[in-house]
2 protein chains.
Amino acid sequence: MTPLVLKFGGTSVASPERLRQAAAIVAAERARRPVAVVVSAMAGETDRLLGLARDLGGEIGEAETDVALASGEQTSAALTALALKEAGLAARSLLAWQLPIAVEGPPGGARITGVDPGPLRALIEAGVVPVVAGYQGIAEDGRLATLGRGGTDLTAAAVAAAIGGDCDIYTDVDGVYTTDPRIAPEARRVERISHDEMLELAAMGAKVLQSRSVEYAKARNVALRVRSSFLEPGASEGTTVVAAEGVAERRVVSGVAYARDQARLAVMGLPESGEGAAALFAALAEADVHVDMIVQARARAGGVNLEFSVERRDLDRALAAADALDLAGAEISHETDLAKVSVVGVGLRGRADIARTLYAVLGGEGIAVRMVATSEIKISALVEADLLEKAVRALHAAYKLEEA
Amino acid sequence: MTPLVLKFGGTSVASPERLRQAAAIVAAERARRPVAVVVSAMAGETDRLLGLARDLGGEIGEAETDVALASGEQTSAALTALALKEAGLAARSLLAWQLPIAVEGPPGGARITGVDPGPLRALIEAGVVPVVAGYQGIAEDGRLATLGRGGTDLTAAAVAAAIGGDCDIYTDVDGVYTTDPRIAPEARRVERISHDEMLELAAMGAKVLQSRSVEYAKARNVALRVRSSFLEPGASEGTTVVAAEGVAERRVVSGVAYARDQARLAVMGLPESGEGAAALFAALAEADVHVDMIVQARARAGGVNLEFSVERRDLDRALAAADALDLAGAEISHETDLAKVSVVGVGLRGRADIARTLYAVLGGEGIAVRMVATSEIKISALVEADLLEKAVRALHAAYKLEEA
């Protein structure tokens, strides 16, 4: 029978009570099929440890910071094993060096290169539930290295791939919603979503699933599901991440996502050669500014106008980087108090009327669109921050997302 | 040059400020000789982790409890390495599985069977300060196992033995005192003390050094020193633990120790065969009662009278165990509100007048002696709890311990 990997995030292992609830979920699944468990550090623990390390000069990327951080998952793996034993299951914690989980790449952002399935299979065959400490692995130099924030999702996907299992990600929400229920109370849980839609939503800040884990699961053909550990076992099926063909026939749009605190920069009158744009983006990357939407148009007066969006907190660094360049008389301006609204769906592929619908819906509500960018399965618009919630509700209603 | 192992206890690594102070001490020693560091968990961390484990049924002795507890030293080893780097030293944390430190025996009370000096020597030769996570090792089954409370002292002694080094134990007191300065303000720091005296004092609850580490250091010929991490580097030499011949010539008595909350049990009229006493002590051991002083005398009416002392908290269990036995009509009585005062010194060996001096001093103060027991280098008396401090001061003065 296909084994199941259950991953519990920080809020799902935050206290003995939460650990008991997690153990009840594992026990319910264990009655049906072989299981393995992967856990994050208890909620708040990684921040506490990082604060201590930083106080001593240990930034992310420093090997000793990783050693400190990795202890959080060691603790929760042991406590989870205890909770499982209390629930009547045989269980055993497995640390990265005991499997091992091999990684490479920098401390604080390592990549998993291999998970030895041997110890996992041996325990499962012996009727013991393995409880793997997430978020970490052993690098080539024999040292601990962590995978970066959300890395435990990646550990879970890698463990599932290693033992040929499915992967349920338990968190504090019961799946992916058509939009944020705090903005649109009629929002519904999405039952099935494609990997690419999930990636777009994850990139938009929907924190239910870390994007690297989605990519990993897609590449290794692992069936992922997002479920709530705050509900009784089996109370909700959550959201299943499936190949695109499994959802495309159902509906055009899967959800409406958003991001607050955006800013827009405009650089008017760059030379047409493209050298100015190249220098600009190089300087922004150097300044660690993440550029999101980019629009380029020919200026009436000749040359090129470039507009792009960044997160508000990156704006000052972006402006400083642009000002430091010699942009041959180009004019730089910027605008804040913006937000981004995005419509995501594999059904958007190849549909020419999407932009028209977006403009029509937002225009009908009197919401000006300040910038638009599209991808294969997403169309995003920058709007005034004050009008964001109105825009989300209007698009959610226009695509009838409240209907099952 | 003989390397030095510096061990820092929980209060010495309790915060970034304390860690910086520890790093300054390491840097000062490092300027003179090669060093390695061994650390405990941050003060309070082991109790916090044990509380979480216990809440889930993970008592001491349970393998997963050990995995949770061991994470505390992993964190502090990483933070100590960061503090050393901040102080300008090259440093690297070493976890039990990275050395490895091999142990055997039960979780929560494992024994060190081997420390591989290779990685320690390689780091030291490369100019890097190794920072070893204390209190833990890897058992035969490849799992983490902890050494029991105070186990980091043992790790430090074992690391020192492995690399042929001396061992400084840094804690929140600057050595062993002739008695508790809170009782006798004239108490002085002892500069040199023998292993056996240290063992007697450790057994009496002087928490400066864990007794297994003293035994280990004695057996492996490691020079131990107790020093304060709360003083500036080099401000005090602490107390050096040396072979008995190194202290015997100096003075008869090294210190006056005490223990509060003692109780006395008397079992009168046991059969002379010894079977009753054997059954009694077996029952007490079964009930996990630690019997301290034992006095046996022939009863006037025939048979044997047995008196012994236990800690007050063990009294109810001791009485229940004794009552459950069929002791052939022996009478059981008990007394509480007692305390133990002990005079410790290698100079006591073979001196016939010790008991006489003890009785004379205490008698001169009007302090009744309720029970006396002697060992090679210690004589202990049970006195009324109210009179304990008076007894400590009188004995401290009688042996002129305030004089250097």
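This dialogue walks through salt bridges, chain symmetry and domain contacts in a predicted model.

User: What should I know about the numbering and the cut-offs first?

Analyst: Residues are numbered from 1 along each chain as its sequence is written, and chains are lettered from A in the order in which they are written. The model is predicted, so local features need pLDDT of at least 70 and side-chain atom pairs count only at pLDDT 80 or more, while totals for chains, interfaces and linings use all residues; side-chain values use heavy atoms, with hydrogens and water left out.

User: How do I read a salt bridge, and how many are there over all chains?

Analyst: Side chains of opposite charge can pair when their charged atoms come close. Here a salt bridge is a side-chain nitrogen of Lys or Arg within 4 Å of a carboxyl oxygen of Asp or Glu. The count is 58 over all chains.

User: Which residue pairs with A:Glu45?

Analyst: A:Arg48 does, at 2.9 Å from N to O. Both residues sit in helix H2 (residues 45–55) of chain A, three residues apart, and so about one helical turn separates them. Helices are DSSP runs of H or I, at least four residues long; strands are runs of E, at least two; both are numbered from the N terminus.

User: Are A:Glu45 and A:Arg48 buried or exposed?

Analyst: Buried means under 20% relative accessible area, exposed over 50%, partly exposed in between (1.4 Å probe, protein chains only). A:Glu45 is buried at 12%. A:Arg48 is partly exposed at 32%.

User: Where does B:Arg227 come in?

Analyst: B:Arg227 forms a salt bridge with B:Glu29, with the closest N and O atoms 3.2 Å apart. B:Glu29 lies in helix H1 (residues 16–30) of chain B and B:Arg227 in strand S11 (residues 224–228) of chain B, so the pair ties together parts that are 198 residues apart in sequence. B:Glu29 is buried at 6% relative accessibility. B:Arg227 is buried at 3%.

B:Arg227 also meets B:Asp168 in a salt bridge, at 3.2 Å from N to O. That pair links distant parts of the chain, with B:Asp168 in strand S9 (residues 166–171) of chain B, 59 residues from B:Arg227 in strand S11. B:Asp168 and B:Arg227 are both buried. In chain A, salt bridges with shared partners join A:Glu29, A:Arg32, A:Asp168, A:Arg225, A:Arg227 and A:Glu237 into one network.

User: How are chains A and B related, and by what turn?

Analyst: Two copies of a chain are related by a rotation about an axis and a shift along it. Copies are superposed by least squares on the C-alpha atoms of residues with pLDDT of at least 70 in both. A turn of 180 degrees and a shift of 0.1 Å along the axis lay chain A on chain B with an RMSD of 0.1 Å. The copies are thus related as by a two-fold rotation axis. In chain A, the C-alpha nearest the axis belongs to A:Ser71, 2.5 Å from it.

User: What are the domains of chain A?

Analyst: Domain bounds come from an automatic or database domain assignment. Chain A has domain 1 (4–242) and domain 2 (255–399). Their C-alpha centres lie 34 Å apart.

User: How do I read the contact between domain 1 and domain 2 of chain A?

Analyst: Contact means heavy atoms within 4.5 Å. Domain 1 of chain A gives 15 residues and domain 2 of chain A gives 19. One salt bridge is counted between the two domains. Helix H6 (residues 195–203) of chain A supplies four residues, the largest share of the domain 1 side that touches domain 2.
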